[in-house]
Every structure is written in structure tokens, then in C-alpha cells.
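Student: Could you go through this structure with me, one piece at a time? I'd like to see how its parts fit together.

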Amino acid sequence: MSSYHRKSQWLQQRLSLLAQEGIVAPEAPLIAESPIAEVLESLELMDEHVRYELQQGDEYWRMERYLCSHLLAVGVARPEGGGVEWSLDDVLRTHESKSFDYRVLHYVLQRLEGCEPEKVLLSFLRVDELLVDIGDDLTDYEVAFVFLYGREAELKLVERIASLEAEHSKLLHQLPKAVQEQYWRRHGEASATLSSGSWIFPQPIFNERAFRETILQGN
């Protein structure tokens, strides 16, 4: 294992641990100044697009730590008397910066192929990644929406998903027919398993602290 690989693994583990523990850590290491950036620079694969996405990675981890620290400290949906220190915009900004690693790969692959960035394709992939991310971490997003909207959380999250799906469909129809066919073929393969391709919302927890206490008492 190369030293670059070891350093990158350490960085990933460090940032994940800080988020899990709800530690804001403003002095946390930056991806844009990490061995990943050094390697891309040395291979002449760094450009303004790649650099921007790496900075988006730093934005994601910063916001993830901020949101987690507040949720862990409060533990309930919308404390009585206010006290909500973040908004839907904060959640969406975190969400939209999360898949930065995929976008780095897209730009790097296009540079290796000697291609100019395809704006419509990259926009489509970005929205596709946002939907996949919600699907993978639906419980986490529901927690954030419950905190903000209480019992309206599921409706608000459905509205967010519907908006992204509408944008996804619009961009897909702007792609060449061959690319559309490849997408639908791959989509069919990925959706072959039971329940794939459909949204199944977990039972919302409206009081995280009370829920955890109930679990502990049951054990």
C-alpha cells in the first residue's frame, strides 16, 4: 500500500469519525489539500473543475459535522421555544456537495479521454447521484426533515424527491438516444432485486431521545 493510499484512508476514517461523534472540528484536515489533490496535481489531472469538486468535499464534511453535532446535542424534533440553528438550505447544501467524489471521477475520466466536459451529461449524472444518495441514506434524510418539519417531514421529503425526479427526467431526454438506452438498460439491471426502484420510507421517529431511552430500557 502506497503512502498516498494510507494517508487517504486515514483522512476518510478521520472525517467519518468526527461526523459520527458530532465534533465540529474547524481545524479538520482538508480534502482539497490532501494526498488526493497532490496525486492529481502530479499527474496533471487537476483543473478548475476538479479543484472545485474537492472543495465541495470539504464543504460536505464541514456541514456534515455541523448538522450531526446539533442533532446529537438536541435529539428531538424542533425543540419547543425555537433553538433550531440550521435550515433546509443547510441540509440541501450538504446533500448537494456529498457526491463530490463521483464528480471528481467524471472530470478525471474525461480529461484522460481528452474530452471536453459534457455539460448536459454531467448535470444529469449529478441529479442521478442526488437521488441515489437519498435512496441509500433515506433514514438519515428523514431524521433531518423530521427535525425541521415534525409530522410534515415525509411530505416535504417526497416533494424534494419529486422535484429531483422531474429534473432527472428532463435532463435524461436531452441526452443522445444511445445514452438514454444505456441508462435504462443499466437501471433495469440495478432494479431487478425486490423493492429496488421504489421508495420505502422508514417509520419516522419524532422524538429521538425518547426512542433511544425506550430501546435502552428494553435491553
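**Helix packing and two loop residues**

Tutor: This is a predicted model, and a good place to begin is helix H6, whose buried residues are covered by elements that include H4, helix H5 (100–112), helix H7 (138–149), helix H8 (153–172) and helix H9 (177–190).

Student: Which residues of H6 are buried?

Tutor: The buried residues in H6 are Leu-122, Phe-124, Val-127, Glu-129, Leu-130, Leu-131, Asp-133 and Ile-134.

Student: And what span should H6 have at 1.5 Å a residue?

Tutor: With 18 residues at 1.5 Å a residue, H6 should span 26 Å, and this agrees with its end C-alpha atoms, which are 26 Å apart.

Student: Back to the cover, then: at what angle do H4 and H6 pack?

Tutor: Helix H4 (residues 88–98) packs with helix H6 (residues 119–136) at an angle of about 115°, and their axes are 9 Å apart. The two helices, H4 and H6, are therefore roughly perpendicular to each other, and their crossing is right-handed.

Student: Which residues make that contact?

Tutor: H4 contributes His-95, Glu-96 and Lys-98, while H6 contributes Arg-126, Leu-130, Asp-133 and Ile-134. By character, the residues in this contact of H4 with H6 are two nonpolar, one polar and four charged. Leu-130, Asp-133 and Ile-134 are also among the buried residues of H6.

Student: How do H4 and H7 pack, roughly parallel or roughly antiparallel?

Tutor: H4 and H7 pack at an angle of about 165° with their axes 10 Å apart, and they are therefore roughly antiparallel to each other. The crossing of H4 and H7 is left-handed.

Student: Which residues meet there?

Tutor: From H4 there are Leu-88, Val-91, His-95 and Lys-98, and they meet Tyr-141, Ala-144, Phe-145, Leu-148 and Tyr-149 of H7. This contact of H4 with H7 has seven nonpolar residues, one polar and one charged. His-95 and Lys-98 appear here, and they are also listed in the contact of H4 with H6.

Student: How many of the residues of H7 are buried?

Tutor: Nine of the 12 residues in H7 are buried, so the helix is mostly covered. Those residues are Leu-138, Tyr-141, Glu-142, Ala-144, Phe-145, Val-146, Phe-147, Leu-148 and Tyr-149. From its first C-alpha to its last, H7 reaches 16 Å, which is close to the 16 Å expected at 1.5 Å a residue.

Student: What follows H7?

Tutor: Gly-150 follows H7, and the phi of this glycine is positive, near 60°.

Student: Changing topic to the loops, where is Phe-201?

Tutor: Phe-201 sits in the loop between H9 and helix H10 (208–218). Its relative accessibility is 22%, so Phe-201 counts as partly exposed.

Student: What does Phe-201 touch?

Tutor: Leaving out residues up to four places away in sequence, Phe-201 touches Leu-138, Glu-142, Glu-154, Leu-157, Val-158 and Ile-161. Phe-201 and Glu-142 are 59 residues apart in sequence, yet 8.2 Å apart in space, C-alpha to C-alpha. Leu-138 and Glu-142 are among the buried residues of H7.

Student: One more: is Glu-44 buried or exposed?

Tutor: Glu-44 has 64% relative accessibility and therefore counts as exposed. This residue lies in the loop between helix H2 (35–42) and helix H3 (48–74), and its phi is near 60°, a positive value in a residue other than glycine.

Definitions and conventions. Residues are numbered from 1 along each chain as its sequence is written. This is a predicted model: local features need pLDDT of at least 70, side-chain atom pairs count only at pLDDT 80 or more; totals for chains, interfaces and linings use all residues. Side-chain values use heavy atoms; hydrogens and water are left out. Axes are lines fitted to C-alpha atoms, for helices over the stretch in contact, and angles run from 0 to 180 degrees between N-to-C directions. Helices (H or I, at least four residues) and strands (E, at least two) are DSSP runs, numbered from the N terminus. Angles under 35 degrees count as roughly parallel, over 145 as roughly antiparallel, 65 to 115 as roughly perpendicular and the rest as oblique. A crossing is left-handed if the near helix is turned anticlockwise from the far one by less than a right angle, and right-handed if clockwise. Contact means heavy atoms within 4.5 Å. Ala, Val, Leu, Ile, Met, Phe, Trp, Tyr, Cys and Pro count as nonpolar, Asp, Glu, Lys and Arg as charged, and the others, Gly among them, as polar. The expected span of a helix is 1.5 Å times one less than its number of residues. Buried means under 20% relative accessible area, exposed over 50%, partly exposed in between (1.4 Å probe, protein chains only).
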